[in-house]
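Colleague: I've got this one open on my screen and would like to talk it through. Can you take me round the aromatic rings?

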Amino acid sequence: RTLVVSEGRSGGRTRLVQVRLKPRGSMPPFVVSATSPDIWGITLNGSARITGNMHTEGRSSSAVIANGSVKSNGGLYVRPDANVEGIRKEVGKHFQGGVDVDPEEYEYPMPVAPSGLTYRGNVWANGTPVTISASGQYGDFSINGGKLTVDTSGGDTTVHVKKDFVLNGTPNLTITGDGAFRLYVDGNVTLNGSTKGTALDDPTKFAVFCRGRWVTLNGSPSIAAVIYAPQSHITFNGHGDFIGAVVGKEIVNNGSGTMVFPAAYRDRITDIDIGGAGGPPIIETGSWSELSRGAD
């Protein structure tokens, strides 16, 4: 937050006005962040092993549901006006770090893909490899049982999919080069089978920005990624391993794999540019006071 103070004088009067500026949005430093203010923002089923903190915008005691033997070595952070005691009673035993209030406010703007990308048609591949070496916009993007290679040797590669993005079967996602793969999807995202992403130690190499209704990881996908889908239902199924950070409206983990927020990459994760968040900061009205008053 940045506090801006302005002093003005006119007609013998002096007034002091202050406003507070805050950024439009950035990735929060949690392995899971649920934007829904309603019940069941986070649902933890099965026996997943979680490393890192979680955050929910939910207010009621049912903002987070935890079933089975799921355990987190981190904490659960809630907003100041949430039913903290109720949430603590319901799910506190599943979080070794406890349930606490986070005084920070987070903004979750919808992601917006960069404009001006070259349109490159559709991708429909069945068992054949696909290589992308330049940024571009696509209609449909579906790969069944093939390999997807994204070459970032020339810098970050940005792909904007206007419809759905689907990897089915046992595709392998490989990101080569020193850049990152930035994927914007207007529709839904589905990763089925045993999708495996490279650079599993660095989730900032693969960032997914979704505007659709859902993001689903089925089977045993093991990836390192940052997933930002503030109005999507995100589901983790199977026993795959996930390293990175997730923002979704509601998030469900039904699996038995792991979810890890890599502390060593905290700053790089929170510095990721969220499309649509790069505009002017939000202005919060602060207070004003009249320091002195002259004649009317």
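Modeller: What follows is a short chat about the overall fold and then the aromatic rings, and keep in mind that this is a predicted model.

Colleague: Let's start broad: how many helices and strands does the protein chain have?

Modeller: The protein chain has 296 residues, and 48% of them are buried. Of the contacts between residues at least 6 apart in sequence, 50% join residues at least 24 apart. As for secondary structure, the count is two helices and 27 strands.

Colleague: Now the rings. How many aromatic pairs turn up in the whole structure?

Modeller: A pair of rings is described by the distance of the centres and the angle of the planes. Searching the whole structure on that basis gives a total of seven.

Colleague: Take Y138 and F141: is that pair stacked or edge-to-face?

Modeller: Their centres are 5.5 Å apart, with 85° between the planes. Planes over 60 degrees apart go in the edge-to-face class, so the pair Y138 and F141 is edge-to-face.

Colleague: And what about F236 and F242, what kind of pair do they make?

Modeller: Here the ring centres are 5.4 Å apart and the planes sit at 65°. That angle is over 60 degrees, so F236 and F242 are edge-to-face.

Colleague: Is F242 buried or exposed?

Modeller: The cut-off for buried is under 20% relative accessible area. Its partner F236 comes in at 7%, so F236 counts as buried. F242 has 2% relative accessibility, so the word for F242 is buried.

Methods
Residues are numbered from 1 along each chain as its sequence is written. This is a predicted model: local features need pLDDT of at least 70, side-chain atom pairs count only at pLDDT 80 or more; totals for chains, interfaces and linings use all residues. Side-chain values use heavy atoms; hydrogens and water are left out. Rings of Phe, Tyr and Trp (its six-membered ring) pair if their centres lie within 6.5 Å; planes under 30 degrees apart count as stacked, over 60 as edge-to-face and the rest as tilted. Buried means under 20% relative accessible area, exposed over 50%, partly exposed in between (1.4 Å probe, protein chains only). Helices (H or I, at least four residues) and strands (E, at least two) are DSSP runs, numbered from the N terminus. Contact means heavy atoms within 4.5 Å.
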